[in-house]
Structure formats: C-alpha cells, structure tokens
Amino acid sequence: VMGDNVWREEQEWPLARTQYTTYYLHSQGSANSLHGNGALSPETPAEEPPDSYVYDPRDPVPTRGGNTLVIPMGVYDQRPVEERRDVLCYTSETLTRPLEITGPISVKLYAASSAPDTDFTAKLVVVRPDGYAQNLADGIVRARYRDSRADPSPITPGTIYEYNIDLWSTSYVFPPGSRIRVEIASANFPRFDRNPNTGQALFADAELQTATQTIFHDATHPSRIVLPVIPRT
C-alpha cells in the first residue's frame, strides 16, 4: 500500500469492502493546462461548457515516467507536461483526511473529434502539498477500438462517443493536504504509439493530421473517474 508503505494481506480481489467512488470532471470551458479552471469533485455536473484542445501527432504529449521500459520509469513531476495547452487538468479540493484507493481504476469519457480516428489518454495524478504532481496510473483508448478490439470501426467526426479508459490497478493512500488530479490528452508518447488521426490502416502510411478534440462534462455527458476507495478504520 503506497503512501502507508506497508504490505497488507487480503482475501479477495478486488477487495470486498471497496466503495467505488465517482469523481466528475468540471470546468467553465477552459481546463487547458494546470493553470486552467478544471475541477474534480463528487458533485454531478449540470450545464457546463465542454473543453477542447488540438492534438498534433507531430508534437505529441510526451511520456514522463510511469510504467514503461523504453524511457526512464517511475515517479516524475508531471508539471512540465501539464503546462501544455493540449493537456486538460481536473483537480479536486485539498483532502482533509487520508484517502486510500486499492483496486482497478477507470475513466468514462464523453468526447468528439474532428478526425475519423484518434486517441484519448487519462492519467491519475497526486498533487502534493508543495505542488509536485506525482504520476500514479494511466491508460489510453483508441477510438476505432472503443467498442471492440477485435472489430474496429471508425468514428464520425463531430459525433460524441462514450469512451472507457482502463487505468489498471494500484494501491495508494492520498495524504491529507494533497489533491487528486486527472489529466486528459490524446498522446502519451512513446509509452503508447501516437495516432496519426487519418483513420487509415495502422502503420500503413506516413500522413499525419491534427485533430480538434472536445471533452464533454455535463448532465447528459457526465465524464468521470471511478476510484476504488477503501474505508479507513
């Protein structure tokens, strides 16, 4: 259990006492970068403007640490990545008590793209009291595989789709004074290969094109992260 820095034995997986807790994405339409107005809270969204950014595969959001073997791995401060306008940041209020998450993490995202195929990435980040943004878990979905990895299908540009992003599992205790942050982008390169946004067969051509991405978080499209919260005794 990271944060507590202890090994703990359990009898099942996921833990039977897990309280799956939803945190919704919020903003006033400008969640771009860590300086934007993106927020994360258990409150369900009402009418909120969407966020948008331009994903350019010629300048993909770079991988910074994490679960990878191709570049330096592990914990890195994510603030250099979060300075980018093509990274949306949604941050919670400061926690007043420890919050343990142990188990699988998932993001449900409602998004539209100007391209016939693209990627959406999500990253769970711990913002320490001193501002250090520690990477914790991440994942990706390729639009053409949103419904089936065996039966890909293109998307219609401008149409809103529901995407499920698996951030795998972890065990971590957020300490008091920290905040929870979710990053949304369209690349995490080279951990994941970049999407050229063309909709053509993968690795079949050298063409690259930009895509305008729109992330929705309103009553009809409640984009969110689900955390496996474990009650503290």
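Strands β6 and β7 run antiparallel and are joined by nine bridges; strands here are DSSP runs of E with at least two residues, numbered from the N terminus, and two strands pair if DSSP finds at least two bridges between them. This is a predicted model, in which local features need pLDDT of at least 70 and side-chain atom pairs count only at pLDDT 80 or more, while totals for chains, interfaces and linings use all residues. Residues are numbered from 1 along each chain as its sequence is written, and side-chain values use heavy atoms, with hydrogens and water left out.

Within the β6–β7 pairing, L124 stands opposite A137 of β7. The two strands form a hairpin with five residues between them, and G131 in that turn has a positive phi of about 95°. β6 is also joined to β9 (residues 179–185), by seven antiparallel bridges. There, T121 has A185 of β9 as its bridge partner.

β6 spans residues 119–127, and nine of its nine residues are buried, so the strand is largely enclosed by the rest of the structure. Buried means under 20% relative accessible area, with a 1.4 Å probe and protein chains only. In a regular strand the side chains alternate between the two faces of the sheet. On one side of β6 the buried residues are D119, T121, K123, V125 and V127; on the other they are F120, A122, L124 and V126. Both faces are thus covered.

β7 also takes part in the pockets. A pocket is an open set of points on a 1 Å grid over the protein atoms alone, where a 1.4 Å probe fits, with protein on both sides within 12 Å along at least five of seven lines; lining residues have an atom within 4 Å of a point. The largest pocket holds about 550 Å³ of space, the volume being that filled by probe spheres set on the points, which are joined across faces, edges and corners. It is lined by 18 residues, and I140, V141, R142, Y145 and R149 are the closest to its centre. β7 (133–142) and β8 (161–174) each supply at least two lining residues, and β7 gives the most, with five.

The second largest pocket has a volume of about 390 Å³. Of its 22 lining residues, G66, N67, N135, L136 and A137 lie nearest the centre. Here too, β7 and β8 are the elements that give two or more residues to the lining.

The linings can also be described by class: Ala, Val, Leu, Ile, Met, Phe, Trp, Tyr, Cys and Pro count as nonpolar, Asp, Glu, Lys and Arg as charged, and the others, Gly among them, as polar. The largest pocket has eight nonpolar, two polar and eight charged residues. The second largest has seven nonpolar, eleven polar and four charged.

Methods. Helices (H or I, at least four residues) and strands (E, at least two) are DSSP runs, numbered from the N terminus. Buried means under 20% relative accessible area, exposed over 50%, partly exposed in between (1.4 Å probe, protein chains only).
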